[in-house]
Amino acid sequence: DTQKQLLADQYRAITRPLTRAASETQQEQREGPPPQLMMIASALPGDGKTFTGVNLALSMAREADHSVVLVDGDVVKPHLSKLFGIDREPGLLDVLANETLDVRSVILPTDIPGLSLVPAGTASDTATEMLASARMAQVMQQLVAWNPSGIVLFDSLPILLTSEARVLSALMGQIIMVIRAGGTPQQAVAGSLEAIGPEKKV
């Protein structure tokens, strides 16, 4: 199908500079958050963030040199977990709530070579706050250590929805901002980029 091929080519074009930056910086040992930690962000709900995240993960997993862990970090509306039928599995929130639980225990393999998933996990009243905790930074370090040459892709909360999403963005090496053509207000995009900060590679 021509349309599917066109879409695949477009995602491949987005994927290449992201994976190249991850590979180059791994070799150079630069300071700051590891570039293989990537966050799929949007200003507002409904901008196509999860759809984009899934397609980017698939595109990255097809690259021979990279495996991908796709993490459902949208703990308010875990569409990713529902999409893959893993919304009842323990996941990110369980690991954040229990420091004795290793994140590797909630990484789920898929039928797609090179692609694994981390569900959002058990719902909690303090879910968004947990994303901004010191424990979250530890969990991300564990994910990178689990597969140093791999990529960790976070489907995050919309930037303008909670302050926690902005805190999470500071822990990421690269951020992919999803904007819905003709839908996302320009002011919302500008507000999101300001919240992320000028020093972050977006």
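Biologist: Okay, as I get it, buried means under 20% relative accessible area. Where does Lys-49 land on that scale, buried or exposed?

Modeller: This is a predicted model, so keep that in mind. Lys-49 has a relative accessible area of 7%, and with the cut-off at under 20%, that makes Lys-49 buried.

Biologist: And which residues does Lys-49 share a salt bridge network with?

Modeller: Lys-49, Asp-74 and Asp-155 are joined into one network by salt bridges that share partners.

Biologist: Let's take those one by one. How far apart are N and O in the bridge between Asp-74 and Lys-49?

Modeller: For that side-chain pair, it's 3.3 Å from N to O. Asp-74 sits in the loop between β2 (68-72) and α3 (79-83), while Lys-49 is in helix α2 (residues 49-62), so the bridge ties together parts that are 25 residues apart in sequence.

Biologist: What about Asp-74 and Lys-49, buried or exposed?

Modeller: Both Asp-74 and Lys-49 are buried.

Biologist: Now the other one. What's the distance between the closest N and O atoms for Asp-155 and Lys-49?

Modeller: In that salt bridge, those atoms are 2.8 Å apart. Asp-155 belongs to strand β5 (residues 151-155) and Lys-49 to helix α2, so here the parts being tied together are 106 residues apart in sequence. Asp-155 counts as buried too, at 2% relative accessibility.

Biologist: How many salt bridges are there by this rule?

Modeller: The count comes to five. One of them pairs the side chains of Asp-9 and Arg-12, at 2.7 Å from N to O.

Biologist: Where do Asp-9 and Arg-12 sit relative to each other?

Modeller: They're in helix α1 (residues 2-28), and because they are three residues apart there, about one helical turn separates them.

Biologist: And how accessible are Asp-9 and Arg-12?

Modeller: Asp-9 has a relative accessible area of 33%, which makes it partly exposed. Arg-12 is partly exposed as well, at 27% relative accessibility.

Biologist: Changing topic: pockets. How much space is in the second largest pocket?

Modeller: About 200 Å³.

Biologist: Which residues lie nearest its centre?

Modeller: Of the 16 residues lining the second largest pocket, those are Pro-45, Gly-46, Lys-49, Asp-74 and His-79. So two of our network residues turn up again, Lys-49 and Asp-74.

Biologist: Which element gives the largest share of that lining?

Modeller: That's α2, with three residues. By class, the lining of the second largest pocket has seven nonpolar, five polar and four charged residues.

Biologist: Back to that loop between β2 and α3. Is Gly-73, which lies there, buried or exposed?

Modeller: Gly-73 is buried, with a relative accessible area of 1%.

Biologist: What does Gly-73 touch, not counting residues up to four places away in sequence?

Modeller: Gly-73 touches Leu-92, Leu-131, Asp-155, Ser-156 and Leu-157. You'll remember Asp-155 as a salt-bridge partner of Lys-49.

Biologist: And how far is the C-alpha of Gly-73 from that of Val-103?

Modeller: Those C-alpha atoms are separated by 13 Å, and the two residues are 30 residues apart along the chain.

Biologist: Last one: where is Ser-116 found?

Modeller: Ser-116 is in strand β4 (residues 115-118). Ser-116 is buried, at 14% relative accessible area. Leaving aside neighbours within four places in sequence, its contacts include Val-68, Val-69, Leu-70 and Trp-146.

Methods
Residues are numbered from 1 along each chain as its sequence is written. This is a predicted model: local features need pLDDT of at least 70, side-chain atom pairs count only at pLDDT 80 or more; totals for chains, interfaces and linings use all residues. Side-chain values use heavy atoms; hydrogens and water are left out. A salt bridge is a side-chain nitrogen of Lys or Arg within 4 Å of a carboxyl oxygen of Asp or Glu. Helices (H or I, at least four residues) and strands (E, at least two) are DSSP runs, numbered from the N terminus. Buried means under 20% relative accessible area, exposed over 50%, partly exposed in between (1.4 Å probe, protein chains only). On a 1 Å grid over the protein atoms alone, a cavity is a set of points where a 1.4 Å probe fits but cannot get out, and a pocket is an open set with protein on both sides within 12 Å along at least five of seven lines; lining residues have an atom within 4 Å of a point. Grid points are joined across faces, edges and corners, and a volume is the space filled by probe spheres set on the points. Ala, Val, Leu, Ile, Met, Phe, Trp, Tyr, Cys and Pro count as nonpolar, Asp, Glu, Lys and Arg as charged, and the others, Gly among them, as polar. Contact means heavy atoms within 4.5 Å.
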